[in-house]
Amino acid sequence: MVRFRRPHPEDVEQLLLNAKLRDELEPFFDESLQILDSGRVPIRVENEFLSAILAWERAPVLPLAQWFTPTLNPPRFDQLTADELHEVLWDIIQKLASRRIYLDFTDHLSDVELYCIVVRDILPSQEKMVDLSSHCIYFNCAESEADPDTWLRYYASEEERQGWSEETGQPLPPVERSPFPRKLPGRTV
């Protein structure tokens with residue numbers, strides 16, 4: 001005698017949601033959906049994946065400054081005192097973090113230098129405004145390829161330093177303490 005298991009109501013809901021998500025994703029169908037082998041992951045996990053893809057596809061591309069109401073439009077750095085600049089900078093950093101936008105490797109930059117990078121490069125950066133808790137944006141303020149000296153001097157591990165030296169054949173700069181240590185908000189794991 002064959003026994004059939006009655007589907008759990010939540011299973012039925014998940015299957016219906018899966019069909020709805022797949023219908024909504026039809027116009028965006030590409031290899032990202034082809035890699036999903038239906039049946040190999042729980043339907044709930046598949047639905048989370050499909051929801052994330054749909055959110056990504058529908059998200060507008062906007063300058064980061066426009067992700068906020070009102071739009072972030074900080075004053076020029078030379079219009080602020082040092083204390084005002086510090087306060088405005090940290091206000092922007094906190095606002096960015098509230099949208100899961102984080103700054104990495106900033107301890108070699110003075111407040112003025114970091115403020116200029118944020119205002120000139122980060123706030124105008126065009127990004128997909130995806131509102132998912134798993135979606136974060138990180139801005140590396142000491143890129144190893146663009147500025148290896150800063151990376152090697154302040155941030156690279158000894159293993160990274162040795163690997164770079166072996167790869168490039170160039171001498172290493174001395175390791176130094178970061179002149180402007182900061183505890184910036186970041187993703188909590």
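Helices (H or I, at least four residues) and strands (E, at least two) are DSSP runs, numbered from the N terminus. The exercises below concern a predicted model, in which local features need pLDDT of at least 70 and side-chain atom pairs count only at pLDDT 80 or more, while totals for chains, interfaces and linings use all residues. Residues are numbered from 1 along each chain as its sequence is written, and side-chain values use heavy atoms, with hydrogens and water left out.

**Exercise 1. The cis peptide bond**

Locate Pro70 and describe the peptide bond that leads to it from Thr69.

Solution. Step one: Pro70 belongs to the loop between strand S1 (61–63) and H4. Step two: the bond from Thr69 to Pro70 is cis, and its omega is near -5°.

**Exercise 2. The chain as a whole**

State how many helices and strands the chain has, and in which order the elements run.

Solution. Step one: the chain has 7 helices and 4 strands. Step two: read from the N terminus, the order is α-α-α-β-α-β-α-β-β-α-α. Step three: of the 189 residues, 32% are buried (under 20% relative accessible area, where exposed is over 50% and partly exposed lies in between, with a 1.4 Å probe and protein chains only). Step four: take the contacts (heavy atoms within 4.5 Å) between residues at least 6 apart in sequence; 72% of them join residues at least 24 apart.

**Exercise 3. Two packed helices**

Describe how H4 and H5 pack, and name the residues that make the contact.

Solution. Two packed helices are described by the angle between their axes and the distance between the axes. Step one: helix H4 (residues 82–98) and helix H5 (residues 111–122) have axes 10 Å apart, at an angle of about 45°. Axes here are lines fitted to C-alpha atoms, for helices over the stretch in contact, and angles run from 0 to 180 degrees between N-to-C directions. Step two: H4 is therefore oblique to H5, since angles under 35 degrees count as roughly parallel, over 145 as roughly antiparallel, 65 to 115 as roughly perpendicular and the rest as oblique. Step three: on the H4 side the contact is made by Leu85, His86, Val88, Leu89, Ile92, Ile93 and Leu96, and on the H5 side by Asp111, Val112, Leu114, Tyr115, Val118 and Ile122.

**Exercise 4. Paired strands**

Determine how S2 and S4 are joined, and which residues of S4 lie on its covered face.

Solution. Step one: strand S2 (residues 101–104) runs parallel to S4, and 4 bridges join them; strands pair if DSSP finds at least two bridges between them. Step two: Ile101 stands opposite Ile137 in S4. Step three: in a regular strand the side chains alternate between the two faces of the sheet. Step four: in S4 (residues 137–140), Ile137 and Phe139 form the covered face, and Tyr138 and Asn140 the uncovered one.

**Exercise 5. Ser125 and its contacts**

Decide whether Ser125 is buried or exposed, and list its contacts beyond its neighbours within four places in sequence.

Solution. Step one: Ser125 sits in the loop between H5 and strand S3 (126–128). Step two: its relative accessibility is 14%, so Ser125 counts as buried. Step three: apart from those neighbours, Ser125 is in contact with Leu62, Pro63, Leu64 and Phe139.

**Exercise 6. A positive phi**

Place Phe105 in the chain and give its phi.

Solution. Step one: Phe105 is in the loop between S2 and H5. Step two: phi of Phe105 is near 60°, a positive value in a residue other than glycine. Step three: Phe105 has a relative accessible area of 31%, so this residue is partly exposed.
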